Amino acid sequence: MEKDAKVAVTEYREQRQERIRTALHGPERREVNDVAARPRRAEEPWARAPVEYEWMTKRADVGGGSEFLRQADRCRAMGSPFVASVLEAVDRQLSRAPITAAMISGWEGDPAAAAIAMRFNGALNALARRGAPASLASLYNGEHDDFDGAIAEALAGQDSFIANWLTHPPQTNEVARAGAIVAALLTARARWDMPFELLDLGSSAGLNLNLARYAYRLGSVSVGDPESPVRVAPLWRGPSPPVAPLEIVSARGVDLQPLDVSNPDHRERLLSFAWADQQGRYKRLEAALQVASAHPPQVDQGDAATWLAERLEQPQPEGRGRAVIHTMFLQYLSDEDRRRIDETLDEAGAKACDQRPLARISFEWTPDRGRVELRLTQWPTGSTRVLAICHPYGDWLEWQPSR
Ligand SMILES: C[S@@+](CC[C@H](N)C(=O)[O-])C[C@H]1O[C@@H](n2cnc3c(N)ncnc32)[C@H](O)[C@@H]1O
């Protein structure tokens, strides 16, 4: 009997650990960088794209229901069951945080468009990372699965912290998007055999300015620094990009509110907005921050349209290409600013020549927000090509054959 009881307790513990592990990492969660663990074609993630797109486009439609439950469904569909369970518990326990609850119920504008649930998720992740309260930290560490208990305690004890955190929009810097940018740079380099300088619009912390310091596997092409702790290997469909050197001579960016990688509070904010059960993204972000502490990205504080006009007024030396890049940035601009940037590039493009070529590389939603496209415009000709259809975070790319 005693032995049976021990077996039963062990089995119960194992099952409980498995439930927690599944909640944290998902039953089929795979490490994107792990080529051997890539899903087979039938399971390929673009099959889930519409759900992801729906989340990423933040189509608001809040109606009377809870934004937390709506977002929880989307997180679960995106393979983040732990974040989904957190948001469901927040929905049940919100009254424990009266300041925050009042703030949300009186939210001016559309809470879905403001990504309120993602702000909340960032606040709780930040608290868990600080170990406050301990029950929240142990929930995030997979030591128990009492979501309601831990989140109720956090909401009751950290109401002011959470309310304050919600006043800031989520600010992220997605390193995996560098894979798409590098594939476009290889395409430009295949046309002009010369090194490039980068000008990045909406850089956030500027982690993608260090893209030449990362290691890539892009289809069948390996490029970058093979010793780098940052590895970017998106799931790849279609032909590989051209084989060409990745040679960046300088990289500079601009952001309205740059995050400073040497500031511990800024680093912590970036890490807190990564989803707790997306370990691949988390680890890559940590590794990129490590690279950035040795090689701080140069990000100017300012408005991109004005900054770009000033930069492009100065011609680059002969024998050097110039690439203006932007990833998930245009959606934040007014029509007027988007037009200013287009015009500035057209004017600079008119002065470009084969000894001083100009490229625009954009990783952005299409205007109807149906999909994310990687586009390359090259001057002196001014021709544009859609190079790839991409996952919004850069997890996968579908490379388009050249016509
Ligand atoms: C979604 S983030 C993308 C950051 C980064 N490009 C990436 O892909 O990870 C958009 C960034 O654009 C910046 N931004 C928005 N409007 C801007 C403007 N007019 N000028 C410069 N930066 C701007 C925001 O501050 C934010 O850091």
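Biologist: Why are helices α4 and α8 called oblique to each other?

Modeller: In this predicted model, the axes of α4 (residues 81-93) and α8 (residues 147-157) cross at roughly 60 degrees. Roughly parallel would need an angle under 35 degrees, roughly perpendicular one from 65 to 115, and roughly antiparallel one over 145. An angle of roughly 60 degrees fits none of those ranges, so α4 and α8 are oblique.

Biologist: How close do the axes of α4 and α8 come?

Modeller: They come within 9 Å, and α4 passes α8 in a right-handed crossing. On the α4 side, the contact is made by S85, V86, A89, V90, R92 and Q93. On the α8 side, it is made by F147, D148, I151, A152 and L155.

Biologist: What kinds of residues make up the contact of α4 with α8?

Modeller: They divide into 7 nonpolar, 2 polar and 2 charged. Ala, Val, Leu, Ile and Phe are among the types that count as nonpolar, while Asp and Arg are among the charged ones.

Biologist: Which residues of α8 are buried?

Modeller: F147, A150, I151, A152, A154 and L155 are. To earn that word, a residue needs 20 or more other C-beta atoms within 10 Å of its own. The buried residues of α8 pack against α4, α6 (116-130), α7 (134-140) and α9 (159-166). In the whole chain of 403 residues, buried ones make up 41%.

Biologist: Let's try another spot. Why does A215 count as partly exposed?

Modeller: A215, which lies in strand β2 (residues 215-218), has 17 C-beta neighbours inside 10 Å. Buried would take 20 or more, and exposed 12 or fewer. The value of 17 falls in between, so A215 counts as partly exposed.

Biologist: What is A215 in contact with, leaving aside its neighbours within four places in sequence?

Modeller: G224, D225, P226, S228, V230 and R231. A215 and D225 are 10 residues apart in sequence, and their C-alpha atoms are 4.9 Å apart in space.

Biologist: How many of the chain's contacts between residues at least 6 apart in sequence join residues at least 24 apart?

Modeller: Among those contacts, 72% do. The chain they belong to has 14 helices and 12 strands.

Biologist: Last one! Which residues surrounding the ligand are the closest?

Modeller: G202, S204, A304, T327 and Y332 are the closest of the 20 residues around the ligand. That shell divides into 7 nonpolar, 8 polar and 5 charged residues.

Key
Residues numbered from 1 in each chain as written. Predicted model: local features only at pLDDT ≥ 70, side-chain atom pairs only at ≥ 80, totals over all residues. Near = placed C-beta within 6 Å. Axes fitted to C-alpha atoms, helices over the stretch in contact; angles between N-to-C directions. Helix = DSSP H or I, 4+ residues; strand = E, 2+ residues; numbered from the N terminus. Left-handed = near helix turned anticlockwise from the far one by under 90°. Contact = placed C-beta atoms within 7 Å.
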